[in-house]
Amino acid sequence: MKKVMMGNHAVSHGAMLSRVDVIAAYPITPQTQVVEELSELCASGRLDARFIKVESEHSAMAACVGASQTGARAFTATSSQGLALMHEVLHWAAGGRLPIVLANINRAMGPGWNIWADQNDSLSQRDTGFMQVYCESNQEVLDWTIMAFKIAETVRVPMMINLDAFFLSHTYEMVDLPDQADVDAFLPKARLTPNLDINDPHAFNALVTPAQFFEIRVHLQQSMEEAKRVIVDVGKEFGEHFGRSYGLTSDYMLDDAKIALVTSGTASGTARVAIRELRKQGVPVGQLKMQAFRPFPTEEVRDKLAGVEKIAVLDRNFSWGAGGIFAQEIKAALYNAERRPQLYGYIAGIGGRDITPETIKEIIRKTEEADRPKADYTWIGVMP
Amino acid sequence: MSERKARPVVFEKLADIPSVTMSLSDTLVNKTGSWRYVQPKYNDKTSPCNETCPAGVNIQGFMRLAAEGKFREAAILYRQEHPFPAITGRVCFHPCESACNRADFDEPLAINAVERRIGDEALHIRTENPNKCKLKEKVAVVGAGPSGLTCAFYLAMFGYKVTAYERNAKAGGVLRYGIPDYRLPQEILDIEIENIEGVGVGFEYKKALGRDFTLEELADSFDAVYLATGVWHSKRMDIPGEDLPGVMSGLEFLHQVNSGNPPKIGPKVAVIGGGNTAMDSCRTALRLGCEPVVVYRRTRAEMPAIDEEIREAEAEEIPFEFLTAPVEVIEKDGRVAAMRCIRMKLGKPDSSGRRRPVPIEGSEFEMPIDTVLTAIGEDPEPEPLGDGLEKEWNKVKADRFGRTSIERVHAGGDLIDQPHTVVDAIGAGKKAAIGIDVLLRASAEGEVYERIRVGEKGSVSTGKYVGLGPDQLHEVVHYGDLNPDYFTPEPRTEMPHLEPAARSSTFEEVNKGLSEEQAIAEAKRCFNCGACIECDNCILFCPDIAVLRSPGGGEGPGKAPFKIDYEYCKGCLVCVHECPRSAMSFEEVGQ
């Protein structure tokens, strides 16, 4: 069934179709409608889940941890400062191997107080052990919410779905809502073990000495490596069920491109418009869209960028004291590759500033003109 | 060594270790006992009420039983330390309540009221004496008042042949002849005395020391003697008119009333003094249809009477003339007609610490009066107790076990230098009984005292003496030692009273006693300071599951039925901190 809905409601309906058992969330702009809709769905009886009201995001994730530890399917949503407040418990969820799904509305971190889109909130949680994907459209938001449960429960690692503030969260788009029965067939419920179980009692997440802690963390990375394959498989299986396939990355006009533009989030769609126009003008540009950030698709990035001469990375984020975060990660992925194209880092759209087709064209033009990168990063659209 | 067996899990390769952090064995593999440098232990301690009771009654012990509704067991436990709970349950000035730690929390426990309920239960219990007359030695007790009766009771319980000599026709002393029936009905006393006869005490009535026999004669025919004849001689006022008919001592007045021969008095009765005899006299006069007035030379604050007795007299609307002293009793037609008094003011404190009353010149006035009852204190009777009995300030010199300057002669009660209260008299009788046993068994007095003392205030325990406990340290638990987080405020239960308006024509008991439910509720308010009552907090809080129930009983004072598994106790002392009643201690240990 096709419906026009805002990105936040696409999250809510994705969670409902996934038959979550427990929702614990705290409202924050621009995420509020996610929990608003879910609480109404719970109250009306359309969703048979326990909605736990909490007094903070820290408690929201803590409640999800508790619920998930019993084997329940747990979900939460937040944004920006709220995600930062969850930080400690994000480590707990991942370290505890609890397949919680978290929808994060990408919003700049204050101060100055800012409710608009950039990716510094989620990228600050890079090393917590959460998987991270970035969505381009409301349809992707819905689809990835459902897929996230399947992926997370397969590898027992929690997953964060990211969508840009307002560009997706508050923007209405057409979304194809799958039937519940089809989702049930795609995402069956199975009780994960081991978990809290009075018939098989164990203590969970207690003190671990140096004699075992390292090995436990090696297991987490092994699961992250496995997740790269699982994401591809689940994305393919989703396509078989619903006609829309996904993967770790996707590409556009990249096969014969000399310049690859790397994007994530809503800027990806804008970029394709600009790329189409530039191609008409004979500019040999293509696109690599980063869907997954954690696990980082190192192999795909190497493969897909192996044939280009120049790589332009568009980052709607910044690691203060270094550079754009996607750019850093791609450089790192290519460092041990046989061929290392020139990489141009561009920073645009920080704090919700628009990224327009003209922004993209400026980036491609700058990349085309330069023989080699003059700096590790270049600000786009900053006042002189 | 722990009785529990650890099941260690050995990992050899990465795949052995679960990716989910979880226990594969139990915490027994982690022998946290090696971390310990302090260790907790179970140690029952002394409660402040127990220490403060001159008779050394194990109050928290009987409260614990009463809280479970076990009044019979409570009464039996009580009698280990004191033979007559029904009596002190009615007449004690209960210093225990002033020492009660609960006073720092909400209101002190109504110990005296619960004691009375236990006492009323004790009236139905005849004490069994398995040692009855088992020993060859004979002991004479002179004076069957509270002190003599107590001493006789415990000596008989120890196995001695005891003969009690009593000057009056019945036993009880001040309990019978000094305390009015509305406070202590004589039937209660009769039952308690029957119980004492039952354990093997013989009574010789109407036999007075110095009249029918001498101390030397007693000492010749008995192995030991306990003197507890009390003080029955009232102090004189030393004012003109004191010897007129119509002036008598309060003690004599009460003696006559309690003997069933009330003297003709009143209608206007002046009671001189502010002590318990004065209160008993004025309230008795009221019940005989008189109009009593209390004349006291200091103020209410300095009155030595039990506060409750003063409050009852006030409730009965008996007028008080404070800061007033009689200077002359005025005669008319050979009888008392009036009393000239003088007003006083309070000057500098005297040797008692109370401010000395000083007459105000020119403030004399006359008070029309028909009877004067004097109650300004007592002295031992002028007839000699016996040659060679050393005295100090008119009091027989006696040590902590009642030993006097004459070998094998002990003394106690009001004869010796201690407060003139029933419970102090009982305490002295108990100490003398132990003292006589120590003497006749040739035990080491110092060691015995150290073993049986209850805290630091001079009380001793007959239970400890005969090995029945309580098994507790001498250390006294104060409010700061408790963890009051585990207690909830509960109002103190007050005894029902006979309405004051109904009292002027009857000697019916004023205090009506608690119902069973009330007594249980009040006993439950007891903090049981220093005693393990198996609340299980130590088990619940131990983070290492190192506290185990040990049904056979543990070790050391109190024998709490818990055991600490020192292979796992890491010495965090959470158990000690969370013990609500300070029944645990800790000590430093080496590794």
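In this predicted model, 27 residues of domain 1 of chain A are in contact with 29 residues of domain 2 of chain A. The two domains cover residues 2-242 and 249-379 of chain A, respectively, and their centres, taken over C-alpha atoms, lie 27 Å apart. Between them, domain 1 and domain 2 of chain A bury about 2,200 Å², with 52% of that area on carbon and sulfur atoms.

Polar and charged groups also meet across this boundary. Six salt bridges are counted between domain 1 and domain 2 of chain A. A salt bridge is also found between the side chains of Glu299(A) and Lys228(A), with a distance of 3.3 Å from N to O. In addition, 19 residue pairs are in polar contact across the interface of the two domains, both residues of each pair being at pLDDT 80 or more. On the domain 1 side, the elements that give two or more residues to the surface touching domain 2 are helix H5 (120-123), strand E6 (131-134), helix H6 (138-155) and helix H8 (210-242) of chain A. Of these, H8(A) gives the most, with five residues. Sorted by class, this side of domain 1 of chain A has 16 nonpolar, four polar and seven charged residues.

Attention now turns to the boundary between the two chains. Here, 17 residues of chain A are in contact with eleven residues of chain B. Chain A and chain B bury about 1,200 Å² between them, and 70% of this area is on carbon and sulfur atoms. Within chain A, the residues that lose the most area to chain B are His202(A), Ile216(A) and His219(A), which together account for 34% of what that side buries. The count of salt bridges between chain A and chain B is zero, while the count of residue pairs in polar contact is five, with both residues at pLDDT 80 or more. H8(A) supplies the largest share of the side of chain A that touches chain B, namely six residues. By class, that side of chain A has seven nonpolar, seven polar and three charged residues. Helix H8(A) thus appears in both settings: it gives five residues to the side of domain 1 that touches domain 2 and six residues to the side of chain A that touches chain B.

What does chain A look like as a whole? Chain A holds twelve helices and 15 strands. Its radius of gyration is 21 Å, close to the 21 Å that the globule rule gives for 384 residues, so chain A is as compact as a globular protein of that length. Taken along the principal axes, the C-alpha atoms of chain A fill a box of roughly 65 × 50 × 45 Å.

A few details of the backbone complete the picture. In chain A, Pro111(A) and Gly112(A) are joined by a cis peptide bond, with omega at about -10 degrees. Gly112(A) sits in the loop between strand E5 (101-106) and H5 of chain A. In chain B, a cis peptide bond joins Gly469(B) and Pro470(B), with an omega of about 10 degrees. Pro470(B) belongs to the loop between helix H16 (462-465) and helix H17 (516-524) of chain B. Cys133(B), although not a glycine, has a positive phi of about 50 degrees. Cys133(B) lies in the loop between helix H6 (111-122) and strand E2 (138-142) of chain B.

Methods: Residues numbered from 1 in each chain as written. Chains lettered and ligands numbered in written order. Heavy atoms only, no water. Domains from an automatic or database assignment. Contact = heavy atoms within 4.5 Å. Buried area = accessible area lost by both parts, 1.4 Å probe. Salt bridge = Lys/Arg side-chain N within 4 Å of Asp/Glu carboxyl O. Polar contact = N/O pair within 3.5 Å; in protein donor to acceptor, adjacent residues only side chain to side chain. Helix = DSSP H or I, 4+ residues; strand = E, 2+ residues; numbered from the N terminus. Nonpolar A, V, L, I, M, F, W, Y, C, P; charged D, E, K, R; others polar. Rg over C-alpha atoms; globule rule 2.2 N^0.38 Å.
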